[in-house]
Amino acid sequence: MANGAGGSITPFFTIWTEPRATIRRIVETNPTRNVIALAAIGPAVSALANQWSKALDESANLSALWPIEVAFAVAFAAVLGVVSLFISGAILRWSGGLLGGVASRVEVRAALAWTQVPAIAAEVILLIAVLEGIAIPNATAAATLQIDPAFYKVGVVEGVLAIWGSIVGVYCIAEVHRFSAWRAFCATLIPAVIAMVVIGAIVWVVYTLAH
């Protein structure tokens, strides 16, 4: 089973229902397997869906360079996804370590990357919906409530997959750090809390100096 996790499509299925066991087999066989690809695919597909949705907008004025713009947007999103993986991996390695976690940065990156499987599935579904003619609501459409009713069904599926992906993520992080899911959840909250405190402090200082 360990070989299957490292060299076949098996983990793409088992990560949904057995996240802890799956990520454990992955980090014990080849923790870098598919990590970069998984980090890049989701954002790339999302960018492609957004670009195609814009093309469906009757008011959109597409230039002759639109295919190049699409390629650039997709490539940029993929690179950004990989960069975000390394940054998030370093942060969660640190925050998990504060709570007694023992995972290395490579293991945390593996957990975060494989957690993206539900998110990738969600983005693929969104892309299929867009190709079927369901436009993604933009700011203007949302303001005027001109949203395709079919998009709500897609939104429900997206929401379910997002929640499930979050659960998978917590369990994967918990497994590589070798602690409980609750502690993993707290490890994901620590960076957010610190960021909020720092931003709040900056806002308070700027407000104080301004007055």
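This is a guided tour of a predicted model, with a suggestion at each stop of what to select.

**Before selecting anything**

Residues are numbered from 1 along each chain as its sequence is written. Because the model is predicted, local features need pLDDT of at least 70 and side-chain atom pairs count only at pLDDT 80 or more, whereas totals for chains, interfaces and linings use all residues, and side-chain values use heavy atoms, with hydrogens and water left out.

**The whole chain**

Show the chain as a cartoon: 10 helices and 0 strands appear, where helices (H or I, at least four residues) and strands (E, at least two) are DSSP runs numbered from the N terminus. Colour the chain by burial next, and buried residues make up 36% of the 211 residues; buried means under 20% relative accessible area, exposed over 50%, and partly exposed in between, with a 1.4 Å probe and protein chains only. If contacts are drawn (heavy atoms within 4.5 Å), residues 24 or more positions apart account for 72% of those with a separation of 6 or more.

**The nonpolar cores**

Select I23 and W114, which have the most contacts inside the largest nonpolar core, a set of 31 residues. A nonpolar core here is a set of buried Ala, Val, Leu, Ile, Met, Phe, Trp, Tyr and Cys residues joined through side-chain atoms within 4.5 Å. At least two residues of this core come from each of α3 (19-29), α4 (35-56), α5 (66-98), α6 (105-114), α7 (116-131), α9 (149-177) and α10 (181-210). A second, separate core has 9 residues, among them A49, L127, A129 and V154. Returning to I23 and leaving aside residues up to four places away in sequence, you will find that I23 touches A110, A111, W114, C172, E175 and V176.

**Helix α4 and the loop before it**

Select N34, in the loop between α3 and α4; N34 has a positive phi of about 65° although it is not a glycine, and at 31% relative accessibility N34 counts as partly exposed.

Now extend the selection to α4, whose 22 residues should span 32 Å at 1.5 Å a residue, and whose end C-alpha atoms are 33 Å apart, which agrees; the expected span is 1.5 Å times one less than the number of residues. The buried residues of α4 include V35, L38, A39, A40, A49, Q51 and S53, and what covers the buried residues of this helix includes α2 (10-17), α5, α6 and α7.

Two residues of α4 deserve a separate selection. I36, in helix α4, is partly exposed, with a relative accessible area of 42%, and beyond residues up to four places away in sequence I36 touches V82 and F86. A C-alpha to C-alpha distance line from I36 to A113 should read 7.5 Å, although the two are 77 residues apart in sequence. Q51, also placed in helix α4, counts as buried at 14% relative accessibility, and with residues up to four places away again not counted, Q51 touches W66, V70 and A73.

**Helix α5 and its crossing with α10**

Select α5, where 33 residues should span 48 Å at 1.5 Å a residue and the end C-alpha atoms are 47 Å apart, which agrees. Its buried residues include W66, V70, A73, V82, L92, S95 and G96. Just after α5, G100 takes a positive phi of about 95°.

Add α10 to the view: the axes of α5 and α10 come within 8 Å and cross at roughly 110°, the axes being lines fitted to C-alpha atoms, for helices over the stretch in contact, with angles running from 0 to 180 degrees between N-to-C directions. The two helices are therefore roughly perpendicular to each other, a label for angles of 65 to 115 degrees, with under 35 counted as roughly parallel, over 145 as roughly antiparallel and the rest as oblique. Select I91, L92, W94, S95, G96 and L98 of α5 together with A187, T188, I190, P191 and I194 of α10 to see the contact itself.

**Helix α7 and the last loop**

Select α7, whose 16 residues should span 22 Å at 1.5 Å a residue, in agreement with end C-alpha atoms 22 Å apart. Among its buried residues are V117, P118, E123, L127 and A129. After α7 comes G133, with a positive phi near 105°.

Finish at R178, in the loop between α9 and α10: its phi is near 60°, a positive value in a residue other than glycine, and R178 is exposed, with a relative accessible area of 55%.
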